[in-house]
Amino acid sequence: MSDKQSDGHGNLTYYIIGAIVAAIGAGFFIPEIAVKFKVGGEVFLSLLMMMVVPLVISSVMSGILGLGDVRKLGKPGGVAVGYYMCTTVLAVTVGLIAVNILKPGVNKELAAAKEKWEDATGDEKVKAEEELNALKASIQKNLDDSASSNEEAAHAVEAENKRKDAAKNEEAAQERKQEAQAALVKAKEALAKDPEKESLQQQVIEAEANKDSADKAYAKAVAQRNAAGEEKTIWDILENILLMLVTDNLFKSAAEMSLLPLIVFSIIFAAMLTTMGDKVFAITRMINQANAALMSFVMLLMNIAPIGIFCLVASKFGEANLEGKLAEMAGQQGFYIITILVGLGFHMFVTLFFAYWFFTRKNPITFFKNMSQAVLTAFSTASSSATLPVTMECAVDKAGISEKSTKFVLPLGATINMDGTALYEAAAAIFIAQIYFPITGQDLTMQTQVIIAVTATLAAIGAAGIPEAGLVTMLIVLNAAGLPVEAIGLILMVDWLLDRFRTAVNCFGDSVGAAIVDGYMEDDSVSSENLEPEGAGA
């Protein structure tokens with residue numbers, strides 16, 4: 001794209017910042033009016049989402065075709081995957097350090113009461129213990145009320161409790177079935193020794209009836225357990241990651257915005273095209289022209305971005321204000337929000353800035369400024385996939401990243417590189433643990449924190465293909481740490497806001513990855529323009 005085209009968006013960043021500030025102000029001061037802008041925000045978000053699937057397919061294929069020799073994808077691909085894994089682990093580490101230092105879930109009043117009880121003796125110890133138990137009961141009631149007040153959390157907890165009850169019923173029914181089977185065998189053995197005895201014959205008949213009844217009860221319990229679903233574990237995440245790579249229906253994946261199988265197909269298909277020479281010249285030219293046309297559409301769409309972003313943010317903050325969510329962001333939840341923002345800020349402005357400078361030897365502040373439109377759009381949409389067209393446009397036109405790197409790294413990163421999400425889930429689990437462990441008497445051990453870190457890392461990668469991804473993966477993390485599932489209500493009440501910040505971090509992390517991988521792209525690769533005849537440029 002020309003410099004002239006790029007310069008036309010010079011003030012767009014300031015317009016977007018102004019739109020976000022104005023939208024937050026409208027949500028605070030005129031929430032009844034702000035919520036009416038929801039339809040405008042949905043139209044803008046739909047326009048972005050509408051472009052994602054065709055843009056991902058065309059850009060990935062165009063990027064592979066631009067490499068010429070598909071063997072050149074090996075080193076950049078390895079660097080990209082290595083970058084994703086390293087930054088995700090670093091993000092989880094930052095989240096754990098932040099939540100352990102700031103301790104947003106630690107109740108100072110409870111800690112003081114526990115210390116008083118430990119130091120007391122005699123009658124004072126009995127009184128201190130009563131005060132400690134009363135305080136624990138009060139905190140437990142407040143936690144239960146907070147968890148049940150969130151409708152989404154209440155449904156998740158109800159489903160999880162049904163699953164646990166069904167599992168217990170199945171276990172009890174299986175024991176009854178085994179006991180009935182053993183009783184029948186024993187009765188038949190007794191009858192075999194004295195086949196003429198009527199009382200033994202009656203015992204066999206009764207044992208057979210009991211066995212039939214136990215079999216039916218067990219079958220019913222199994223059906224109920226199957227309906228309730230299996231417990232989600234870390235193995236479900238690993239299985240989901242593998243299943244995310246493939247699909248039995250590309251059109252279904254496109255309709256469901258499941259991007260990873262589309263990316264895998266695009267890479268394989270484009271790699272095959274590079275081996276077929278002039279026989280597929282028309283197809284390769286069409287792919288590159290379609291990609292150029294879609295990117296031009298993105299630039300056109302950016303002209304209305306400030307309006308769309310204003311509508312998105314104003315309606316969300318207005319809705320939160322009317323529902324009282326803004327008022328809830330105080331006390332313990334307020335300190336929790338600050339802790340998450342400190343962790344996300346450190347990862348973005350220290351970890352990612354340093355990674356960018358170390359591998360490219362360029363100014364990370366300038367790079368952040370060039371990617372600011374994408375970061376702000378990610379904050380507004382709370383969706384890495386919806387922001388992908390803007391991220392790609394900024395990476396090429398403003399940050400100067402090659403199209404080869406952009407087309408390959410960014411679509412893949414928007415799908416599996418979730419630094420902000422991993423940091424958030426790890427910190428959120430420790431926050432809940434800090435609240436509950438003093439009440440339950442459990443210790444927050446290093447082993448528990450390691451389990452949380454590993455589970456959160458895998459959950460962040462494997463979340464995309466799981467229905468209700470945020471709820472399911474968070475429940476997996478809580479179950480792995482032995483924490484009560486109803487505690488999810490404590491974080492879901494502020495999740496709508498933190499989701500925007502972690503999406504912005506995810507987006508910037510993807511762009512840093514594209515810049516780093518760009519340094520490993522070979523200069524002698526065939527450009528996409530060389531695949532078109534003279535005079536046929538987009």
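1. Contacts along the chain. In this predicted model, 82% of the contacts between residues at least 6 apart in sequence join residues at least 24 apart. The chain holds 25 helices and 0 strands. Of its 538 residues, 48% count as buried. Its accessible surface comes to about 25800 Å², and carbon and sulfur atoms account for 60% of that area.

2. Confidence. The mean pLDDT of the chain is 81, with 84% of the residues reaching 70 or more. Among the elements, helix 17 (residues 364-370) has the highest mean value, 95, and helix 1 (residues 3-7) the lowest, 43. Residues 1-8 have pLDDT below 50, and this stretch makes 8 contacts in the model beyond near neighbours in sequence. Residues 524-538 likewise stay under 50, although the model gives them 31 contacts beyond four places in sequence. Where pLDDT is low, the predicted coordinates should not be read in detail.

3. The nonpolar cores. The largest nonpolar core has 131 residues, of which Tyr336, Phe367, Ile491 and Phe508 touch the most other members. Helix 21 (residues 419-440) gives the most to this core, contributing 14 residues. Isoleucine 491 can serve as an example: leaving aside neighbours within four places in sequence, it is in contact with Tyr336, Tyr424, Ala428, Phe431, Ile432 and Met474. A second core, separate from the largest, has 6 residues, including Leu184, Leu191, Val204 and Ala207.

4. A buried threonine. Threonine 87 lies in helix 5, which spans residues 74-102. Its relative accessible area is 4%, so threonine 87 counts as buried. Apart from neighbours within four places in sequence, the contacts of threonine 87 are with His347, Leu352, Asn417 and Asp419.

5. A nonpolar surface patch. Phe28, Phe29, Ile30, Ile33 and Phe37 form a nonpolar patch on the surface, and together they have about 520 Å² of accessible area. One of these residues, phenylalanine 28, is found in helix 2 (residues 12-29). Phenylalanine 28 is classed as partly exposed because its relative accessible area is 43%.

6. The pair in helix 9. A search of the whole structure finds 4 salt bridges. Side chains of opposite charge can pair when their charged atoms come close. In one salt bridge, the side chains of lysine 211 and aspartate 215 meet at 2.8 Å, N to O. Lysine 211 and aspartate 215 are 4 residues apart in helix 9 (residues 198-228), so about one helical turn separates them. Aspartate 215 is partly exposed, with a relative accessible area of 22%.

7. The network at arginine 502. Aspartate 495 forms a salt bridge with arginine 502, with the closest N and O atoms 3.1 Å apart. Arginine 502 also forms a salt bridge with aspartate 499, where the closest N and O atoms are 3.4 Å apart. Arginine 502 and aspartate 499 both lie in helix 25 (residues 495-518), 3 residues apart, or about one turn of the helix. Through these shared partners, Asp495, Asp499 and Arg502 are joined into one network.

8. Burial within the network. Which members of the network count as buried, and which as partly exposed? Arginine 502 counts as buried, at 9% relative accessibility. Aspartate 495 is also buried, at 17%, because the cut-off for burial is under 20%. Aspartate 499, at 22% relative accessibility, counts as partly exposed.

How values were computed: Residues numbered from 1 in each chain as written. Predicted model: local features only at pLDDT ≥ 70, side-chain atom pairs only at ≥ 80, totals over all residues. Heavy atoms only, no water. Patch = residues over 30% accessible without salt bridge, like charges linked within 9 Å, V, L, I, M, F, W, Y side chains within 5 Å. Areas by Shrake-Rupley, 256 points an atom, 1.4 Å probe, with all protein chains shown as cover. Helix = DSSP H or I, 4+ residues; strand = E, 2+ residues; numbered from the N terminus. Buried < 20%, exposed > 50% of the residue type's maximum accessible area, 1.4 Å probe, protein only. Core = buried A, V, L, I, M, F, W, Y, C linked by side-chain atoms within 4.5 Å. Contact = heavy atoms within 4.5 Å. pLDDT = per-residue confidence, 0-100.
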